[in-house]
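Trainee: Please take one part of this model and go through it closely, then show how the rest is arranged around it.

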Amino acid sequence: MTQQPFLLGRTLATPGALETLEALGVKPSTLLDRHLACDWSVMEPEDQESNRHALTNGSRIFSSYRLSDGVRIWVLTEADRSCAPILLPSEY
């Protein structure tokens, strides 16, 4: 079993994110798995680098994913690792 690179904390999702995911048939766990796997492939290089630093310095980890309809959805892990909200950028 591979150890996760960081703790998620309590997982949460905003109503808008849940509605969007449900409409597209995407499970929240799919995005959480990608977030935990450090899949930042669609993000800018400087954001990817910031996340790599966050793994060691304990700052917030931010993932952004584009869904099939083009909508972006974010997954965050707060610096204190207490929670990992899934949200639309407009809900931030």
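Mentor: Contact here means heavy atoms within 4.5 Å. This is a predicted model, in which local features need pLDDT of at least 70 and side-chain atom pairs count only at pLDDT 80 or more, while totals for chains, interfaces and linings use all residues. Residues are numbered from 1 along each chain as its sequence is written, and side-chain values use heavy atoms, with hydrogens and water left out.

The part I take is strand S3 and its surroundings, entered through Ile 86. Apart from neighbours within four places in sequence, Ile 86 contacts Leu 12, Ala 13, Thr 14, Ala 17, Leu 21, Pro 28, Leu 31, Leu 32, Ile 73, Trp 74 and Val 75. Ile 86 lies in S4, where it stands opposite Val 75.

Several of these residues return in the largest nonpolar core (buried Ala, Val, Leu, Ile, Met, Phe, Trp, Tyr and Cys residues joined through side-chain atoms within 4.5 Å). This core has 22 residues, and those that touch the most other members are Leu 8, Leu 21, Leu 31, Ile 73, Val 75 and Ile 86. At least two core residues come from each of helix H1 (15-24), helix H2 (28-36), strand S2 (61-66), strand S3 (72-77) and strand S4 (83-87). The largest share is that of S3, with 4 residues. Helices (H or I, at least four residues) and strands (E, at least two) are DSSP runs, numbered from the N terminus. As for the background, nonpolar side chains tend to be buried together in soluble globular proteins.

Buried means under 20% relative accessible area, exposed over 50%, and partly exposed in between (1.4 Å probe, protein chains only). In S3, 5 of the 6 residues are buried, so the strand is largely enclosed by the rest of the structure.

What are the strand partners of S3? On one side S2 pairs with S3 in the antiparallel sense, over 6 bridges; on the other S4 runs antiparallel to S3, joined by 2 bridges. Two strands count as paired if DSSP finds at least two bridges between them. Along the S2 side, Tyr 65 has Ile 73 of S3 as its bridge partner, and Arg 66 has Arg 72.

Both partners are linked to S3 by hairpins. The hairpin of S2 and S3 has 5 residues between the strands, and in it Gly 70 takes a positive phi near 90 degrees. The hairpin of S3 and S4 also has 5 residues between its strands, and Arg 81 in that turn has a positive phi of about 60 degrees.

The wider sheet is open and has 4 strands in the order S1-S4-S3-S2, with mixed pairing. Strand S1 (10-13) and S2 stand at the edges with a single partner strand each, so one side of each has no neighbour in the sheet. From one strand to the next the twist averages 15 degrees. H1 packs on the sheet, touching S1, S3 and S4, and its direction makes about 60 degrees with that of S4. For such angles, axes are lines fitted to C-alpha atoms, for helices over the stretch in contact, and angles run from 0 to 180 degrees between N-to-C directions.

H2 also reaches S3. Its buried residues are Leu 31, Leu 32, His 35 and Leu 36. Viewed down the axis of H2, they fall within an arc of 135 degrees (taken from the directions from the helix axis to the C-beta atoms), so they line one face of the helix. The buried residues of H2 pack against S1, H1, S2, S3 and S4.

Just after H2, Cys 38 has a positive phi of about 60 degrees. Ala 37 is in the loop between H2 and helix H3 (45-57). Ala 37 is exposed, with a relative accessible area of 58%. Its C-alpha atom is 7.7 Å from that of Pro 5, 32 residues apart along the chain.

Asn 51, in helix H3, is buried, with a relative accessible area of 2%. Not counting residues up to four places away in sequence, Asn 51 touches Trp 40, Met 43, Arg 60, Ile 61 and Phe 62.

Finally, the setting of S3 in the chain. The chain has 3 helices and 4 strands, in the pattern β-α-α-α-β-β-β along the sequence. Of its 92 residues, 37% count as buried. Among contacts with a separation of 6 or more, 48% are between residues 24 or more positions apart.
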